[in-house]
Amino acid sequence: MVFQNRSRVVVLCAIVAASALLFGCASWGDDTDDATAQQDDPERARYANLSTDGLKVDKADLSGNDEPDQWKYHDGDGNLVRVERDMNFDGDVNIWEYYENGELVEEEMAIDRGGEIDVVMFYEEGRVVRQLMASEFDGRFPIEKFYDSEERLLRVERDTSGDGQVDTWEYFEDGERDRIGWDTSGDGQPDTFDHY
Ligand SMILES: [Ca+2]
Ligand SMILES: [Ca+2]
Ligand SMILES: [Ca+2]
């Protein structure tokens, strides 16, 4: 389990690094209002509640140094509501998993931005349906990915201009990139397309 999770973090690091490369040349705006709005996104569990009130915690030491690196929180009825994991065993939590009715619904990961969340995954019936990815250090998630019921990539939306509005859409068919659309008119909808 530990090794499985560690390899997953390595994969995610590669994804984050690749997207940073892709967008390293883009210019990012400095609109703090939008960044704040993003952080207050009510869909994101971490910014709504990381409270431990009324929760029972089970700590585990997976690294063998007698310090906990996994915290499982259960409510008063014994239902698992959250798991926090320190994946690289440095004492800081890197992964927050949120559960509802026993199912994983959201997972937040802080991989390489000094404790800031890099990736947020949303799950339905145990499968990833949506993913948010940060690519800069300003609290934004300019990349959003959507998946079908078999976890195949459907669409990638990007805000490449940094104004908080999506301007680039990549569409996938059977996991292959099919076409890309751009918003050149500034209305938030794609109006120019290229096929691959
Ligand atoms: Ca430990
Ligand atoms: Ca850590
Ligand atoms: Ca934009």
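Q: In this predicted model, why is asparagine 65 called partly exposed?
A: The relative accessible area of asparagine 65 is 42%, and because the term covers values between 20% and 50%, asparagine 65 counts as partly exposed.

Q: What makes Asn65 a donor of the calcium ion (ligand 1)?
A: The calcium ion (ligand 1) is coordinated by Asn65 through OD1, together with Asp61 (OD), Ser63 (OG), Glu67 (O) and Asp69 (OD), at 2.1 to 2.4 Å; the cut-off for Ca is 3.2 Å, so these atoms qualify as donors. Along the sequence these donor residues are spaced D-x1-S-x1-N-x1-E-x1-D.

Q: How do you know that aspartate 159 is buried?
A: Buried means under 20% relative accessible area, and aspartate 159 has 6%, so the term applies. Asp159 (OD) is among the protein donors of the calcium ion (ligand 3), as is Asp167 (OD), and aspartate 167 also counts as buried, at 10% relative accessibility.

Q: Why is the aromatic pair of tyrosine 171 and phenylalanine 193 called tilted?
A: A search of the whole structure finds 1 aromatic pair. Its rings, those of tyrosine 171 and phenylalanine 193, lie 6.4 Å apart centre to centre, with 40 degrees between the planes; because centres must lie within 6.5 Å, and planes neither under 30 nor over 60 degrees apart count as tilted, the pair is given that name. Tyrosine 171 belongs to strand β10 and phenylalanine 193 to strand β12, 22 residues apart.

Q: What makes tyrosine 171 buried and phenylalanine 193 partly exposed?
A: Tyrosine 171 has a relative accessible area of 15%, which is under the 20% limit, so it is buried, whereas phenylalanine 193, at 39%, falls between 20% and 50% and therefore counts as partly exposed.

Terms used: Residues are numbered from 1 along each chain as its sequence is written. Chains are lettered from A and ligands numbered from 1 in the order in which they are written. This is a predicted model: local features need pLDDT of at least 70, side-chain atom pairs count only at pLDDT 80 or more; totals for chains, interfaces and linings use all residues. Side-chain values use heavy atoms; hydrogens and water are left out. Donors are N, O and S atoms within 2.8 Å of the metal (3.2 Å for Na, K and Ca); water is not among the atoms, so sites may look incomplete. Buried means under 20% relative accessible area, exposed over 50%, partly exposed in between (1.4 Å probe, protein chains only). Rings of Phe, Tyr and Trp (its six-membered ring) pair if their centres lie within 6.5 Å; planes under 30 degrees apart count as stacked, over 60 as edge-to-face and the rest as tilted. Helices (H or I, at least four residues) and strands (E, at least two) are DSSP runs, numbered from the N terminus.
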